[in-house]
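I opened my notebook to record what I looked up, one place at a time. Here is what I had on screen.

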Amino acid sequence: MNDLSASPANARSSTAGTVRVLVWDMPIRVFHWLTVLSFAGAYLTAESERWRLLHVTLGYTMGGLVVFRLVWGFVGTRYARFSDFVQRPARIWSYLRGLIRRRPEHYVGHNPAGALAIVAMLTLALAVTASGWALYNDIGGDALEEIHEAAANIMLAIVGLHVMAVLLSSWLHHENLIGAMFTGYKRGMPEEAIRHAWRSVAALMLVAVLGFWWLQWHNAPPAENRQTISMKTSMER
């Protein structure tokens, strides 16, 4: 399933001779926006017993998406692979210095700072999901609840820094990085394009997520029963 045109990403200091090329495959884009939706929805419903089922459903969805991303990081297309964008600390520091000086190196795929944020967010998302599952099954107690909340808050802070960095990079490179995560296209050399968007894999992702959501709601007890269970659980704690 690997893309045929695989090679390490190279820093670019000039956009001369570049064209609009496909960089982000469809599974990466679907993963990105579904993860945004899941994390935002789960975070906003975290303190509400009324929306507990939605909170749990979105949390599990995020966990499943992260598992998919880990697999796709080894078998996916060129710029989706960890081998393409995970960088040494020296390379990350070099990129950050260039960013501070308003002369950052240009990367067709993830830049080193963005790659660091992605690894951190994937790790935290797994921690949030695992601790949330344990709490939902009455494992861990108050200490684990603190860890769950702390991991979610740290993840939110990294998401905020990531968004600011994307906006800054878009301005410095005169490139719409947010738009690229919708369309999949960025500026690059023709030979740097990926050859396949893998829409079939993205469609299977959507079917799996929608199917999971349907099962969660279909098998859920009536609202009044959920409220009784939640109150009983809170009293036991």
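**Entry 1: a patch on the surface**

I looked up Leu126 and found it in helix α5, which covers residues 112-136. The model is a predicted one, and I keep that in mind for each entry. Is Leu126 buried, exposed or in between? I read a relative accessible area of 33% for Leu126. Buried means under 20% and exposed means over 50%, so Leu126 counts as partly exposed.

Next I asked which residues form a nonpolar patch on the surface with Leu126. I noted Val67, Leu70, Val71, Phe74 and Val75 as the other members. Together with Leu126 they have about 490 Å² of accessible area. Which helix gives the patch its largest share? I found that it is α2, residues 52-75, with five residues.

**Entry 2: the whole protein**

I stepped back to see the fold. I counted nine helices and four strands. Starting at the N terminus, I wrote the order as β-β-α-α-α-α-β-α-α-α-β-α-α.

The chain has 237 residues, and 43% of them count as buried. I also looked up the exposed surface, which is about 13,500 Å². Carbon and sulfur atoms supply 65% of that surface.

Then I checked how far along the sequence the contacts reach. I took contacts between residues at least 6 apart in sequence. Of these, 79% join residues at least 24 apart.

**Entry 3: Asp25, a buried charge**

Where does Asp25 sit? I found it in the loop between β2 (19-22) and α1 (26-44). Asp25 is buried, yet it has no salt bridge. Which side chain of opposite charge is nearest to Asp25? It is Arg29, and I read 6.3 Å for the distance. A salt bridge needs the charged atoms within 4 Å, so Arg29 does not make one with Asp25.

I then searched for polar partners of Asp25. Its side chain reaches the backbone nitrogen of Ile28 at 2.8 Å. I also found a polar contact of 2.3 Å between the side chains of Asp25 and Thr77.

Thr77 came up again when I listed contacts. I left aside the neighbours of Asp25 within four places in sequence. The contacts of Asp25 are then Trp72, Thr77, Ala80, Ile194, His196 and Ala197.

**Entry 4: Phe31 in helix α1**

I moved on to Phe31, which lies in helix α1. Is Phe31 buried or exposed? Its relative accessible area is 11%, so I put it down as buried, since the limit is under 20%.

What does Phe31 touch, apart from neighbours within four places in sequence? I listed Leu65, Val66, Arg69, Leu122 and Met205. I also checked Phe31 against Phe68, which is 37 residues away along the chain. Their C-alpha atoms are separated by 8.4 Å.

**Entry 5: two residues of helix α8**

I found Ser200 in helix α8, residues 199-218. Ser200 has a relative accessible area of 46%, and I noted it as partly exposed. Ser200 and Pro27 are 173 residues apart along the chain, but I read 8.7 Å between their C-alpha atoms.

Leu215 lies in helix α8 too. I noted Leu215 as partly exposed, with a relative accessible area of 43%. I paired Leu215 with Thr57, 158 residues away along the chain. Their C-alpha atoms are separated by 10.0 Å.

**Entry 6: positive phi values**

My last search was for backbone angles. Most residues other than glycine have a negative phi. Which residues did I find with a positive value?

Asp138 has a phi near 60°, and it is not a glycine. I located Asp138 in the loop between α5 and α6 (141-173).

Trp198 is not a glycine either, and its phi is positive, about 55°. I placed Trp198 in the loop between β4 (185-188) and α8. With 25% relative accessibility, Trp198 counts as partly exposed.

Conventions: Residues numbered from 1 in each chain as written. Predicted model: local features only at pLDDT ≥ 70, side-chain atom pairs only at ≥ 80, totals over all residues. Heavy atoms only, no water. Buried < 20%, exposed > 50% of the residue type's maximum accessible area, 1.4 Å probe, protein only. Lys, Arg positive; Asp, Glu negative; His and termini not counted. Polar contact = N/O pair within 3.5 Å; in protein donor to acceptor, adjacent residues only side chain to side chain. Contact = heavy atoms within 4.5 Å. Patch = residues over 30% accessible without salt bridge, like charges linked within 9 Å, V, L, I, M, F, W, Y side chains within 5 Å. Areas by Shrake-Rupley, 256 points an atom, 1.4 Å probe, with all protein chains shown as cover.
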